[in-house]
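Trainee: I'd like to go through this one with you and check what the terms rest on. Can we start with the words themselves?

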Amino acid sequence: MSRSVPVITIDGPSGSGKGTVSQRLARDLGWHYLDSGALYRLVGLAAERHRVALDDEAALAALAEALDVEFDLHADDLKVVLEGEDVTLVIRSETAGNRASKVAALPAVRTALVARQHAFRRLPGLVTDGRDMGTVIFPDAPLKLFLTASAEERANRRYKQLKEKGIDANISNLVAEIAERDARDSQRSTAPLRPAEDAIEVETSSIGIEEVMQQVARLCRQRFGDQVL
Ligand code: C5P
């Protein structure tokens with residue numbers, strides 16, 4: 001991993017807007033993009049396909065290590081291919097998210113994905129989306145953001161996103177699932193969801209995506225200079 005390559009880490013709970021913000025920022029900057037949550041979602045999906053139990057830590061770590069995956073940011077949405085099959089939509093379901101959060105709590109699975117995540121750090125720079133990007137995977141990142149929003153607002157956003165993708169959803173189930181996933185993500189002993197000490201928090205409950213992008217662009221210019229965006 002080259003420490004001279006700049007990294008912007010964007011962490012936060014699901015529905016905080018970090019997915020949209022980090023993808024847009026990577027495109028605007030012309031930098032590489034790492035969706036670390038997709039890796040955990042893919043391990044969950046691969047486990048289902050290969051009939052590996054979600055508590056078989058050693059077998060799941062082996063799956064994570066060998067994951068045959070391709071990402072393409074140049075499609076409209078991030079395109080994700082697992083073992084030759086386009087799984088872009090399949091991995092975005094709530095079931096896939098819950099499965100991801102279960103496998104993500106296993107230390108051996110997290111360790112198995114570290115080198116793969118570091119490999120995304122290439123010139124001209126990298127924007128990452130996740131939970132532990134600023135705390136564990138890229139602790140030396142020169143700019144760390146932590147996006148937050150209330151659980152209700154995050155459930156509303158997920159509802160709209162899922163509907164747009166034609167995926168069926170129920171708002172009260174979503175609120176409950178988000179709360180359950182937050183609790184599991186922030187209480188686990190390995191790499192719990194929390195802002196890095198040097199992260200800048202961006203509260204997004206009451207502002208739209210354009211305003212969030214403006215704030216983020218301002219922070220990028222402050223850190224990397226006016227020519228960056
Ligand atoms: O961000 P996304 O909703 O795709 O992440 C799915 C799950 O993967 C999260 O609920 C979390 O448990 C796990 N995850 C993680 N560390 C990351 C990214 C995601 O534990 N860096």
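Mentor: Sure. Contact here means heavy atoms within 4.5 Å. And keep in mind that this is a predicted model.

Trainee: With that cut-off, which residues does Ile8 touch?

Mentor: Setting aside residues up to four places away in sequence, Ile8 touches Leu25, Leu29, Trp31, Leu126, Val127, Thr128, Leu143, Cys220 and Phe224. Ile8 is also among the residues with the most contacts inside the largest nonpolar core, along with Leu25 and Leu60. That core has 57 residues.

Trainee: What gives the most to this core?

Mentor: Helix α2, residues 36-49, with eight residues. The core also draws at least three residues from each of domain 1 (1-31 + 126-221) and domain 2 (32-123).

Trainee: Why is Gln23 called buried?

Mentor: Buried means under 20% relative accessible area. Gln23 has 11%, so Gln23 counts as buried. You'll find Gln23 in helix α1, residues 18-29. Beyond its neighbours within four places in sequence, Gln23 is in contact with Tyr33, Leu73, Asp77 and Leu78.

Trainee: On to the ligand: what makes the Asp132 pair a polar contact?

Mentor: The cut-off is a pair of N or O atoms within 3.5 Å. A polar side-chain atom of Asp132 lies 2.8 Å from a nitrogen atom of the ligand, so the pair qualifies. For Ser36, a side-chain N or O atom is 2.9 Å from a ligand nitrogen. For Arg131, a side-chain N or O atom is 2.9 Å from a ligand oxygen.

Trainee: How much of the ligand's accessible area does the protein cover?

Mentor: 97% of the 460 Å² that the ligand has on its own.

Terms used
Residues are numbered from 1 along each chain as its sequence is written. This is a predicted model: local features need pLDDT of at least 70, side-chain atom pairs count only at pLDDT 80 or more; totals for chains, interfaces and linings use all residues. Side-chain values use heavy atoms; hydrogens and water are left out. A nonpolar core is a set of buried Ala, Val, Leu, Ile, Met, Phe, Trp, Tyr and Cys residues joined through side-chain atoms within 4.5 Å. Buried means under 20% relative accessible area, exposed over 50%, partly exposed in between (1.4 Å probe, protein chains only). Helices (H or I, at least four residues) and strands (E, at least two) are DSSP runs, numbered from the N terminus. Domain bounds come from an automatic or database domain assignment. A polar contact is a pair of N or O atoms within 3.5 Å; within protein, one must be able to donate a hydrogen and the other to accept it, and residues adjacent in sequence count only if both atoms are side-chain atoms. Accessible areas come from the Shrake-Rupley method with a 1.4 Å probe; for residues, only the protein chains shown count as cover.
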